[in-house]
Amino acid sequence: MPDQSMPPAGTHNPRNNLRQHKRPTRRHPGSTSAHAPVSTEAEASAMQGGASAEVGYPAGRDAASQEAAARAAYEEYAAATYQPHPGAANHPQYGSRYQSESGYAGFAATAGNPRVAPARPTSGQMSPYDSSRYRKKGRKKAGIAGIVAAVVILGAIGVGVYLYLNPTTFNMTVNGMTRTVDTGTTVADLVAQGVVSPKAGNLIDVEGEVLEEGGGNPFDGTINGNPIDDPNTQVHKGDSVQIGNGSDVMEEYDAETVEKKPKNKELGEGAIHVYIPGETGQVEKRTGKVSGKTAKEVVKKATNNIYFKYNANPGDDKVVALTFDDGPWDTTGDLLSLLKEYDVKATFFTIGKQISGQPETMEKMAAAGHQIATHSWDHAETGGGNSVDMTRQSPEKQIEEVQQGQQAITDATGKEASKVFRSPGGNYHDDIIWNLQPYVTAEIGWNIDTEDWQRPGAEAIAEAIMSAKSGDIILMHDGGGPRTQTIDALRIALPYLKEKGFKFVTIDELLAYDDVKALADAAEEAAAK
């Protein structure tokens, strides 16, 4: 059986107090307990005083023997008197862990044995009535309560912040009026709730006739200036919403697209003739799925090809463009030297078949920065042009004249030829204009014809050159025969024009002064009135 040590003296447990403990009743009638406790006064006196020989303390024994005898008497007594309480398993009664801590030492102290030292509590022992454990439990409960309270407070703060940032209602503006709406409200909700009452558009057929009233868009509007594409778009705090009547909607239809080519149109007057390409248009043939009607709709408007004639307008600049035809020739080198002397740039319209015989001249011309363009391959000598009129040639021959002339320039200079062109004799009208449009950007005429090809004398040629106004194009020749009169005329005219403040530019530089597209648009608009 477990150690049944006695608790310390002074306990109120009646099992530990010898003077209050009664003799146990017999377990069976007629029988006597084999271990009945002492009941006479002599026996009690011996138990408490420890001096009677009847209790096992004869005189003359040593202390160890006496202590062993006392321990044996206690164990015999404890075995005879122990009766467990029905609820002993749940209460700190005799025999529990609290009382077993004292054991025999407690009994000895209670019995008053002078030779047995009373037990002293050691560290770590716990009394069944120790109040400190209750204080610890109280502090623990208080700590848990504080944590719960803190969690509740933080939760309340979080909910408050969320509601502040995400209010259940908010103010916004609808058609200039302040409205309070619920979170999650859509534009369609505003209409459904009667905040605004727009009129729906109609469903129309491909010809624009009404098929169904109110069958179009329910409303049109904006949010903060941006179009409303989806009626289920949500509104937000501070939004400014404008809602108006809905627009009409066309019925669904099958479509067939047809291209419309641009027309050709000539406009203006002047020495410069430029091409302004038009754009192909698109016409859509629509067949309604509801009405069954067919209608044509211009999806992209075609713009005309414009052949626009004008004179350059260099503004406040005083510029002229010197041009030379029919070269290169034997005297072209002398002309290049003169132009270099006066730091003058010019434009040369060359005959393609003559270029191969003047390689050094062509190299010198390109190196000096002059503009080199074609004047045809053979000056319309073949193909029925009578050496002067390409309009009499076939379209194929016209294209050949230009392409061969440009290729000869590229071969001689290693650079791409200019795309401007001067037609032999200035004959450039009717079909040739549109036949050559893909191959040239402009056809260049003149404002002043010096008629130097007739060799009228240097002074007559110089007089014509010096009559130039700003923006003029001056026609001269460096080929087709001896051109010494032209060179001598330039010795007279160039210093004069420079003294008057003129600058000499190439054709490309002259073209850069004007916004040709704007000029052409204005001319076309004027012609349409």
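**Close-up views of the predicted model**

**Figure 1. Helices H11 and H12 pack against each other in this predicted model.** The axes of H11 and H12 approach within 8 Å, with a crossing angle of roughly 40°. The handedness of this crossing is right-handed. From H11, the residues in contact are Ala458, Ile461, Ala462, Ile465 and Met466, and they meet Gln485, Thr486, Asp488, Ala489, Leu490, Ile492, Ala493, Tyr496 and Leu497 of H12. By residue class, the contact of H11 with H12 comprises 11 nonpolar, two polar and one charged.

**Figure 2. The largest nonpolar core of the model has 35 residues.** Leu322, Phe324, Leu339, Phe348, Ile465 and Leu490 have the most contacts inside this core. At least two core residues come from each of strand E15 (319-327), helix H6 (332-341), helix H8 (359-367), helix H9 (395-413), helix H11 (458-466), strand E21 (473-477) and helix H12 (484-499). With six residues, H12 gives the most to this core. Apart from this core lies another, of 23 residues, which includes Val274, Tyr310, Ala321 and Val420.

**Figure 3. Leu490 and the residues around its side of the core are shown in contact.** When residues up to four places away in sequence are not counted, Leu490 touches Leu322, Phe324, Leu335, Leu338, Ile465, Met476 and Pro495. Two of these partners, Leu322 and Phe324, are listed with Leu490 among the residues with the most contacts inside the largest core. Leu490 also takes part in the contact of H12 with H11, as does Ile465 from H11.

**Figure 4. Strands E9, E12 and E13 form an open sheet of three strands.** The strand order is E9-E12-E13, and the pairing is antiparallel. E9 and E13 stand at the edges with a single partner strand each, so one side of each has no neighbour in the sheet. From one strand to the next, the twist averages 25°. Strand E9 (residues 253-260) pairs with strand E12 (residues 281-288) over eight bridges; here Lys260 has Gly281 in E12 as its bridge partner.

**Figure 5. E12 and E13 form a hairpin.** Five residues lie between the two strands, and Gly292 in the turn has a positive phi of about 80°. Six bridges join E12 to strand E13 (residues 294-300) in the antiparallel sense. Lys285 has Lys296 in E13 as its bridge partner, and Gln282 stands opposite Lys300 in E13.

**Figure 6. A cis peptide bond joins Gly327 and Pro328.** The omega angle of this bond is about -5°. Pro328 belongs to the loop between E15 and H6, and both of these elements supply at least two residues of the largest core. Asp326, in strand E15, has a positive phi of about 75° although it is not a glycine. Asp326 is buried, with a relative accessible area of 13%.

**Figure 7. Ser376 has a positive phi in a residue other than glycine.** The phi value of Ser376 is near 95°. Ser376 is found in the loop between strand E17 (371-374) and H9. The relative accessible area of Ser376 is 0%, and the residue is buried. H9, on one side of this loop, is among the elements that each supply at least two residues of the largest core.

Methods:
Residues are numbered from 1 along each chain as its sequence is written. This is a predicted model: local features need pLDDT of at least 70, side-chain atom pairs count only at pLDDT 80 or more; totals for chains, interfaces and linings use all residues. Side-chain values use heavy atoms; hydrogens and water are left out. A nonpolar core is a set of buried Ala, Val, Leu, Ile, Met, Phe, Trp, Tyr and Cys residues joined through side-chain atoms within 4.5 Å. Buried means under 20% relative accessible area, exposed over 50%, partly exposed in between (1.4 Å probe, protein chains only). Helices (H or I, at least four residues) and strands (E, at least two) are DSSP runs, numbered from the N terminus. Contact means heavy atoms within 4.5 Å. Two strands pair if DSSP finds at least two bridges between them. Axes are lines fitted to C-alpha atoms, for helices over the stretch in contact, and angles run from 0 to 180 degrees between N-to-C directions. A crossing is left-handed if the near helix is turned anticlockwise from the far one by less than a right angle, and right-handed if clockwise. Ala, Val, Leu, Ile, Met, Phe, Trp, Tyr, Cys and Pro count as nonpolar, Asp, Glu, Lys and Arg as charged, and the others, Gly among them, as polar.
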